[in-house]
Amino acid sequence: MTRPLRIALTKGRLEKDTVGMLEQLGYDCTQVREKGRRLILPIGDGSIECVLAKANDVITYVEHGVCDLGVVGKDTILEMQGKFYELLDLGFGRCKFALAVKKGTDFYSGYGVKTIASKYPNVTRRFFEAKGMDVDIVKIEGSVELAPLLELSDGIVDIVETGTTLKENGLEVYEDVCPISARLIANSVSMKLRQSEIETLVTKIERYFENKEET
Ligand code: PRP
């Protein structure tokens, strides 16, 4: 017997938004809502199951084909890259990557090589490479806003959603890098072997968005 179509969801807010969308599509997500500490949960009649994982791991599981589909932020996709298909922009989880600095700083003034702190060194490197600008990048794991406050860096490249974290720490957006939202990704082999199941789900999601736009 073939296993259910397996979809990896990024735990947390994207998981909640995805479950909300799947319920709107008519899938019973009671088990996910009442998951306790379980990590693999059936959806609807059990022909789909979801796997709850951290964002980077969603990509790893989809790339390796142990999950057919995944819901993950464009931020993680841009940082990790990898071999998979990006099928849909799901529209939720909207935020942006931005270069932020201490309030009032003129980032591009002066000649010295700037230091940038980020949880996203690859995104940061490509952003400055595109400008032909040489920068030192320091990888930080969390609360990257600390780096300029502690004078470790001249700026940060990070996710900005409401802007509250920057504001409350005396920082401001200096330049937008790119917009971010949740994406539906697929393993390339699954796209062939489970084409009709994936297409059915993708079509339902597309119709859901079309109807949403009309209302
Ligand atoms: C992100 C980001 C900022 C914050 C921005 O962190 O790194 O710190 O959200 O949100 P805001 O503009 O609405 O204030 P997140 O909360 O995802 O935590 P993390 O440090 O674990 O990534």
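Helices (H or I, at least four residues) and strands (E, at least two) are DSSP runs, numbered from the N terminus. The model treated here is predicted, so that local features need pLDDT of at least 70 and side-chain atom pairs count only at pLDDT 80 or more, while totals for chains, interfaces and linings use all residues. Residues are numbered from 1 along each chain as its sequence is written, and side-chain values use heavy atoms, with hydrogens and water left out.

**Exercise 1. Place Val177 in its strand and list its contacts beyond the sequence neighbours.**

Step 1: Val177 belongs to strand β10.
Step 2: With neighbours within four places in sequence set aside, Val177 is in contact (heavy atoms within 4.5 Å) with Phe97, Ala98, Leu99, Val123, Phe127 and Val157.
Step 3: For Phe128, which is 49 residues from Val177 along the chain, the C-alpha separation from Val177 is 9.9 Å.

**Exercise 2. Explain what the salt bridge of Lys96 and Asp176 ties together.**

Step 1: A salt bridge requires a side-chain nitrogen of Lys or Arg within 4 Å of a carboxyl oxygen of Asp or Glu, and the structure holds 14 of them.
Step 2: Lys96 and Asp176 form one such bridge, with an N to O distance of 2.9 Å.
Step 3: Because Lys96 lies in strand β6 (residues 95–102) and Asp176 in strand β10 (residues 171–180), the pair ties together parts that are 80 residues apart in sequence.

**Exercise 3. Describe the interface of domain 1 and domain 2.**

Step 1: The chain is divided into domain 1 (5–93 + 181–214) and domain 2 (95–179), with bounds that come from an automatic or database domain assignment; their C-alpha centres lie 30 Å apart.
Step 2: Seven residues of domain 1 are in contact with 11 residues of domain 2.
Step 3: The buried area, meaning the accessible area (1.4 Å probe) that two parts lose on being put together, summed over both, is about 750 Å², and carbon and sulfur atoms give 42% of that area.
Step 4: Of the area that domain 1 buries against domain 2, Asp75, Leu78 and Glu79 supply 66%, more than any other three residues.
Step 5: Across this interface the rule finds one salt bridge, and seven residue pairs are in polar contact, both residues being at pLDDT 80 or more; a polar contact is a pair of N or O atoms within 3.5 Å, where within protein one must be able to donate a hydrogen and the other to accept it, and residues adjacent in sequence count only if both atoms are side-chain atoms.
Step 6: Helix α4 (residues 74–80) gives the most to the side of domain 1 that touches domain 2, with three residues.

**Exercise 4. Identify the polar side-chain atoms that approach oxygen atoms of the ligand.**

Step 1: The residues that surround the ligand, each with a heavy atom within 4 Å of it, include Lys119, Asp158, Glu161 and Thr162.
Step 2: A polar side-chain atom of Lys119 lies 2.7 Å from a ligand oxygen atom, an N or O atom in the side chain of Asp158 is 2.7 Å from an oxygen atom of the ligand, and for Thr162 the corresponding distance is 2.5 Å.
Step 3: Glu161, one of the surrounding residues, also forms a salt bridge with Arg13, in which the closest N and O atoms are 2.7 Å apart.
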